[in-house]
Amino acid sequence: MTHPSQRACTAQSDDALFGPEVADYARYRPGLPDGAVHLLAATQHGVPAPALLDLGTGTGQVPRALRPVLHRLVHIVLVDVNASMLQTARTVLEPVRGACTVEAFTGAAHTFAPNAPGRAPTLITCCRSFHWMARPEVLSMADRVAAPHAVVAVMGDGSLWTHQADWTTALRALIQNHLGEDRRAGTRGAYAEPGRSYQDDLAGSAFSEVTEHHFPVARAWTPKHVIGYLRTTSFARPALFAGRHHAFENAALRLLQEHADGGVLTEDAVFTVLLARRPGGAA
């Protein structure tokens, strides 16, 4: 898994970045594959009182998917810099949380500190958000707060920018026609190649025993669904286009409709899960 790692993005990914698109984020962002959810749940086998710390939770996709599978989950902590995202995450969790307690922390992941002792996380997850974070500092924080046999899971599957297909290539070219050749990232600036991989980040941390798991995913998008998804991305969110966003969306919709086969655009992705433990941690 190679994603942009821009330390400056940690300070940028606040309400100014995704706040206006929270509803679109909850509606259009792809969820987690069932296989990945069951893998996460399996890491808690034998743990008497599992507790989840979800970093960069967004609209709560990870705990919302995990709670119905991991019935023994007793506590969830949601962490995000975006207060609007956190409110949405708490709302969508309400119907499935049962007796599980939920709390939220607004701030950068590496600054998280538990409110009270006694609920050390046994599972720490980070889905499609590690690239926004100060990664070594996040893993140091995890080492401070996690239970002795805790598992850290870093997950993701790229984006429609990185996916290689005729329709995504044409869409990427249209975005570049409006915003320039560089892939935009954060509230300003462009994508920067990472200094090292997530695997190397984990190997250099206290959670150095790493296993890698891959889940092929076939997604069927409609053109309008893709348009909604683009509003949630840092490379094509509405504010980047200023007064040209309406024109861009019209052009993008026409392009996607031309490429759609029976109204469907296919994405064949691979969802990767890195499970990391301290040396000697239970497998």
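A polar contact here is a pair of N or O atoms within 3.5 Å, where, within protein, one must be able to donate a hydrogen and the other to accept it. The model is a predicted one, and a contact of this kind turns up in it between the side chains of Asp-201 and Arg-135, at 2.4 Å. Asp-201 sits in helix 9, which covers residues 198-203. With a relative accessibility of just 4%, Asp-201 is classed as buried, because the cut-off for that label is under 20%. Setting aside neighbours within four places in sequence, Asp-201 touches Phe-130, Leu-139 and Arg-196 as well as Arg-135.

Now for strand 4. Five of its five residues are buried, so the strand is largely enclosed by the rest of the structure. On one side lie Leu-123, Thr-125 and Cys-127, with Ile-124 and Cys-126 on the other, and both faces are covered. Strand 4 runs parallel to strand 1 (residues 51-55), and four bridges hook the two up; Leu-52 is found opposite Leu-123. Strand 4 also runs parallel to strand 5 (residues 151-156), this time with five bridges, and Thr-125 has Ala-153 as its bridge partner there. Together with helix 7 (residues 135-145), strands 4 and 5 build a right-handed β-α-β unit.

The loop between strand 3 (101-106) and strand 4 (123-127) is where Thr-111 is found. Thr-111 has a relative accessible area of 42%, so it is partly exposed. Its C-alpha atom lies 9.9 Å from that of Val-79, a residue 32 places away along the chain.

Methods:
Residues numbered from 1 in each chain as written. Predicted model: local features only at pLDDT ≥ 70, side-chain atom pairs only at ≥ 80, totals over all residues. Heavy atoms only, no water. Buried < 20%, exposed > 50% of the residue type's maximum accessible area, 1.4 Å probe, protein only. Contact = heavy atoms within 4.5 Å. Pairing = 2+ DSSP bridges. Right-handed = clockwise from strand over helix to strand, strands pointing away.
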